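Work through the exercises below with the coordinates open. Each task is followed by a stepwise solution.

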Amino acid sequence: MKEDTIAAVSTAWGESGIAIIRLSGPDSSALADNLFKSRSTLAASPPRYMRYGHILDQTGEFIDEVLAVRFEGPHSYTGEDMAEIHCHGGTMAARKTLERLLELGARLAEPGEFTRRAFLNGRIDLAQAESVLGIIRARSDKALSSAARSLRGELSTSVRTLRDRLLALSAILEASFDFPEEDVPLPQLAEITPDLARLQSEAEGLFRRCRDGQILREGIRVAIVGCPNVGKSSLLNALLQESRAIVTAIPGTTRDIIEAVLTHRGVPIRLADTAGIRTPADLIEEAGIAQTLTAVKQSDIKLWVLDGSRPFGDEDRLVEEQLKGERFLVLVNKTDLPQALDLDRFRDHHPGIRCLPVSAKTGKGIEELKEEIVLSVSSGGIMEEACNATARQVEELRTASALLAEALQARSLDLAANCLRDSRLALERFLGISADTDLLDLIFSQFCLGK
Ligand code: GDP
């Protein structure tokens, strides 16, 4: 099917030095030549050669002084013939130019349509397309470099290699099921176990790297929990080194969740200070406690604050109850005061739990705490290996890895083969090999216009 020609302003609207109007499709140059006046037409100019000229409207009225360039498919972003008009920034010149192009027969591009065409024309795979979105949205150096790594195809290559090896292993199993009369010897589970274990650990590794990438983009969600007056608000302030939370000595007055973001080693940490968990004294407090419980559930890690200057009490026990089964780090606060908390006994009850001594008042242990938060969720190193991936891709990798782990536990070849097949399908959805239109719509609709 012959594609139509699409157009959009690809730069952000608003005051800026330049604005770029982008065209993609067979009529790109011809459409641009209708309003672009220069010594030669764009169509007659060599590709990738910037030409100086003017944009005129239908009555010959001058709109702007511009630079224009054309690209010849397949050597373009979308893989099709393309043209770009670089006019002055601000909204008027770009809008008038675009309107004129639409009047002449171009269609306004849908969000993400340029990148979608690049994918459909085989210029990039789905993982690379989604990393374009990662680059656009990156808010830290590390997030940007992880998106760039994915765009260069590092991630896709790893996933594709994994998928090919899975396919090969599946083929061995399926052949023995499908053609028993051919005397294909049925392999024993034990024979494929080493290969399977290697594939599983690689899938798990990729999942972790992509999960790191997701954390770089979205930040680590941290909930500060503990009973009233242990110093949660003070800790939040110490972490932020500014007074954003209300610090108070009256029990139960921090009723709303206060959220604040800081970055440590380029990783965003999203902190929520929550209302103290204890038996509510009134309805407002009850609402605060309900909010706390939700924030605790949604966070990636919990900081359980204890007051080192007093013994472990009933209210602390209530918090302990709420934290059952959650991932948490214990902060023993107020270490500047004489200590009354029996830490040894506490450690006996919680073997293997990290306990950090801190003082919100003096700032002791705060830097170590930031480091600990980042380390607690990253998969070794400080996210140097992170790959950019969308939430969808992270889920596909999680599924693929979990299914391989299941295959390792399988008691029959049949079951193992099923898990292998489903795992491979997850990787294929990741790469977009078996992507259907609905999935593509979902992915590309997240892009901004003109991308
Ligand atoms: P929250 O109810 O858990 O949020 O506790 P706050 O942050 O409001 O602190 C309760 C009280 O403990 C306040 O009077 C703080 O000044 C005090 N406090 C908090 N952290 C420390 C600390 O590290 N050392 C000392 N000495 N006092 C602290």
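Helices and strands here are DSSP runs, numbered from the N terminus; a helix has at least four residues and a strand at least two. The model is predicted.

**Exercise 1. Place Gly266 and find how far it lies from Val374.**

Step 1. Locate the residue. Gly266 sits in the loop that links β9 (258-264) to β10 (267-273).

Step 2. Classify its exposure. Partly exposed covers the range between 20% and 50% relative accessible area. Gly266 has a relative accessible area of 28%, so it is partly exposed.

Step 3. Compare sequence with space. Gly266 and Val374 are separated by 108 residues in sequence, and their C-alpha atoms are 9.9 Å apart.

**Exercise 2. Check the length of helix α12 and list its buried residues.**

Step 1. Take the span. α12 covers residues 366-377, twelve in number. From first C-alpha to last, α12 reaches 18 Å.

Step 2. Set this against the expectation. At 1.5 Å a residue, 16 Å is expected, and the span of α12 is close to that.

Step 3. Apply the burial cut-off, under 20% relative accessible area. In α12 the buried residues are Ile366, Leu369, Lys370, Glu372, Ile373, Val374 and Val377. Val374, the partner from Exercise 1, is thus one of the buried residues in α12.

**Exercise 3. Describe how α7 and α13 pack.**

Step 1. Get the geometry. The axes of α7 (residues 189-218) and α13 (residues 391-409) come within 8 Å. They cross at roughly 155 degrees.

Step 2. Name the orientation. Angles over 145 degrees count as roughly antiparallel. α7 and α13 are therefore roughly antiparallel to each other.

Step 3. Add the hand. The α7 and α13 crossing is left-handed.

Step 4. Sort the contact residues. Between α7 and α13 the contact comprises 14 nonpolar, four polar and four charged residues.

**Exercise 4. Inspect the backbone at Pro74, Asn229 and Lys334.**

Step 1. Start with omega. The peptide bond joining Gly73 and Pro74 is cis, with omega about 5 degrees. Pro74 belongs to the loop between β5 (62-71) and β6 (82-88).

Step 2. Turn to phi at Asn229. Asn229 is not a glycine, yet its phi is positive, about 75 degrees. The loop between β8 (220-225) and α8 (232-240) holds Asn229. With a relative accessible area of 33%, Asn229 is partly exposed.

Step 3. Repeat for Lys334. Its phi is positive, near 65 degrees, in a residue other than glycine. Lys334 occupies the loop between β12 (328-333) and α11 (343-349). Lys334 counts as partly exposed, at 23% relative accessibility.

**Exercise 5. Which residues does Ser38 contact, leaving aside its neighbours within four places in sequence?**

Step 1. Place it. Ser38 lies in the loop between β3 (36-37) and β4 (51-56). Its relative accessible area is 26%, so Ser38 is partly exposed.

Step 2. Use the contact cut-off, heavy atoms within 4.5 Å. Ser38 is in contact with Arg51, Tyr52 and Gly53, sequence neighbours within four places left aside.

Step 3. Check one pair. Ser38 and Arg51 are 13 residues apart in sequence and 7.5 Å apart, C-alpha to C-alpha.

**Exercise 6. Summarise the chain.**

Step 1. Count the elements. The protein chain has 15 helices and 13 strands.

Step 2. State the burial. The chain has 451 residues, and 49% of them count as buried.

Step 3. Weigh the contacts. Among chain contacts with a separation of 6 or more, 68% join residues 24 or more positions apart.

How values were computed. Residues numbered from 1 in each chain as written. Predicted model: local features only at pLDDT ≥ 70, side-chain atom pairs only at ≥ 80, totals over all residues. Heavy atoms only, no water. Buried < 20%, exposed > 50% of the residue type's maximum accessible area, 1.4 Å probe, protein only. Expected span 1.5 Å × (residues − 1). Axes fitted to C-alpha atoms, helices over the stretch in contact; angles between N-to-C directions. Parallel < 35°, antiparallel > 145°, perpendicular 65-115°, else oblique. Left-handed = near helix turned anticlockwise from the far one by under 90°. Nonpolar A, V, L, I, M, F, W, Y, C, P; charged D, E, K, R; others polar.
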